[in-house]
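Open the model in your viewer and set it to a cartoon view. Keep the sequence panel beside it. We will go stop by stop.

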Amino acid sequence: MSKQVITINRTYGSNGRLIGKALSERLNIPFYDKELIELVSQECNIPAKELEKVDEKRANQWHLPLKEAMQMEPQYHFRPMNDVLFDVQSTVIRDLAEKEDCIIVGRCADYVLQEKKNCHRVFIYAPFDYRVQTVIHRLDRNETSAKRLVKKMDKERRYYYEYFTDRKWMDMNHYDLCIDSSKFSETAILDILETLYLK
């Protein structure tokens with residue numbers, strides 16, 4: 001039987017990552033977010049801390065995000081490390097989707113797995129002010145700082161997604177289910193997602 005995968009795209013501060021993690025614990029299936037960086041690091045023999053610098057970011061034509069010596073090694077020459085990470089990460093995502101039920105957050109996984117039948121593509125969002133308050137409480141930031149961070153992270157995620165997919169990040173037509181996390185309790189959202197998984 002084909003393995004089932006739930007991909008979660010999320011606006012910053014909507015608690016998409018926390019919901020994905022809680023769902024993996026409820027369903028007792030693996031969860032992948034930053035964990036994908038470690039898997040790519042092992043595959044490419046590139047330090048994870050270097051890959052983190054380009055994680056969910058599109059390439060910047062004006063500077064190299066990694067140590068210049070590493071970026072200029074023959075196998076990466078003239079290829080931004082962002083592209084290297086995306087390509088290897090996409091292979092890792094496809095391999096995971098073939099071997100196990102799992103939840104994958106971000107990394108254009110909905111696009112990477114667009115041909116997979118048992119892939120449930122979820123988008124979690126919330127109003128801007130709600131997300132700002134979430135960031136204030138989670139990171140102990142003042143309101144001005146939290147607003148800047150929410151805008152910055154949303155912009156990075158949108159640019160990243162649209163750069164690698166040629167799709168609009170917030171086009172709800174690309175997703176099977178879109179949830180405003182400000183309208184439901186976490187338990188209610190988990191109930192909805194569990195029903196999606198079990199259907």
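The tour goes from the overall fold to the sheet, then to salt bridges and a surface patch.

**Stop 1: the whole chain**

Note that this is a predicted model. Color by secondary structure. The chain has nine helices and five strands. Follow it along the sequence and you meet the pattern β-α-β-α-α-α-α-β-α-β-α-α-β-α. The chain has 199 residues, and 50% of them count as buried.

**Stop 2: the sheet**

Select the strands. In which order do the five strands lie in the sheet? The order is 2-3-1-4-5, in an open sheet with parallel pairing. Now look at the edges. Strand 2 (31-32) and strand 5 (177-180) sit there, each pairing on one side only.

Zoom in on strand 2. Two bridges join strand 2 to strand 3 (residues 102-105), and the two run parallel. Select Tyr32. Its bridge partner in strand 3 is Ile104.

**Stop 3: Glu56 and Arg10**

Now show side chains. Side chains of opposite charge can pair when their charged atoms come close. The structure holds 13 salt bridges. Select Glu56 and Arg10. Their side chains meet in a salt bridge, 2.9 Å from N to O. Glu56 lies in the loop between helix 3 (48-51) and helix 4, while Arg10 lies in strand 1 (residues 5-10), so the pair ties together parts that are 46 residues apart in sequence.

Are these two buried or exposed? Glu56 counts as buried because its relative accessibility is 11%, and buried means under 20%. Arg10 counts as buried too, at 6%.

**Stop 4: Asp55 and Arg107**

Select Asp55 and Arg107. They form a salt bridge, with the closest N and O atoms 2.5 Å apart. Asp55 is in the loop between helix 3 and helix 4, and Arg107 is in the loop between strand 3 and helix 6 (109-112), so this pair links parts 52 residues apart in sequence. Asp55 is buried at 5% relative accessibility. Arg107 is buried at 1%.

**Stop 5: Arg131 and Asp154**

Move to the helices. Select Arg131 and Asp154, whose side chains meet in a salt bridge of 2.7 Å, N to O. Arg131 belongs to helix 7 (residues 128-139) and Asp154 to helix 8, so the pair ties together parts that are 23 residues apart in sequence. Arg131 and Asp154 are both buried.

Next, which residues do salt bridges with shared partners join into one network? Select Arg10, Arg17, Asp33, Lys34, Asp55, Glu56 and Arg107. Salt bridges that share partners join these residues into one network.

**Stop 6: the positive patch**

Turn on the surface. Select Arg58, Lys155, Arg158 and Lys168, which form a positive surface patch. Pick out Lys155. It is found in helix 8 (residues 143-165). Lys155 counts as partly exposed because its relative accessible area is 42%, and partly exposed covers the range between under 20% and over 50%.

**Stop 7: Pro80**

Last, select Pro80. It is in the loop between helix 4 (68-71) and helix 5 (81-99). Pro80 counts as partly exposed, at 28% relative accessibility. Now add Arg58, one of the patch residues. Pro80 and Arg58 are 22 residues apart along the chain, and their C-alpha atoms are separated by 9.1 Å.

Methods:
Residues are numbered from 1 along each chain as its sequence is written. This is a predicted model: local features need pLDDT of at least 70, side-chain atom pairs count only at pLDDT 80 or more; totals for chains, interfaces and linings use all residues. Side-chain values use heavy atoms; hydrogens and water are left out. Patches are made of residues with over 30% relative accessible area and no salt bridge: like charges are joined within 9 Å, nonpolar side chains (Val, Leu, Ile, Met, Phe, Trp, Tyr) within 5 Å. Accessible areas come from the Shrake-Rupley method with a 1.4 Å probe; for residues, only the protein chains shown count as cover. A salt bridge is a side-chain nitrogen of Lys or Arg within 4 Å of a carboxyl oxygen of Asp or Glu. Lys and Arg count as positive and Asp and Glu as negative; His and the chain ends are not counted. The place of a charge is taken as NZ of Lys, CZ of Arg, CG of Asp or CD of Glu. Helices (H or I, at least four residues) and strands (E, at least two) are DSSP runs, numbered from the N terminus. Buried means under 20% relative accessible area, exposed over 50%, partly exposed in between (1.4 Å probe, protein chains only). Two strands pair if DSSP finds at least two bridges between them.
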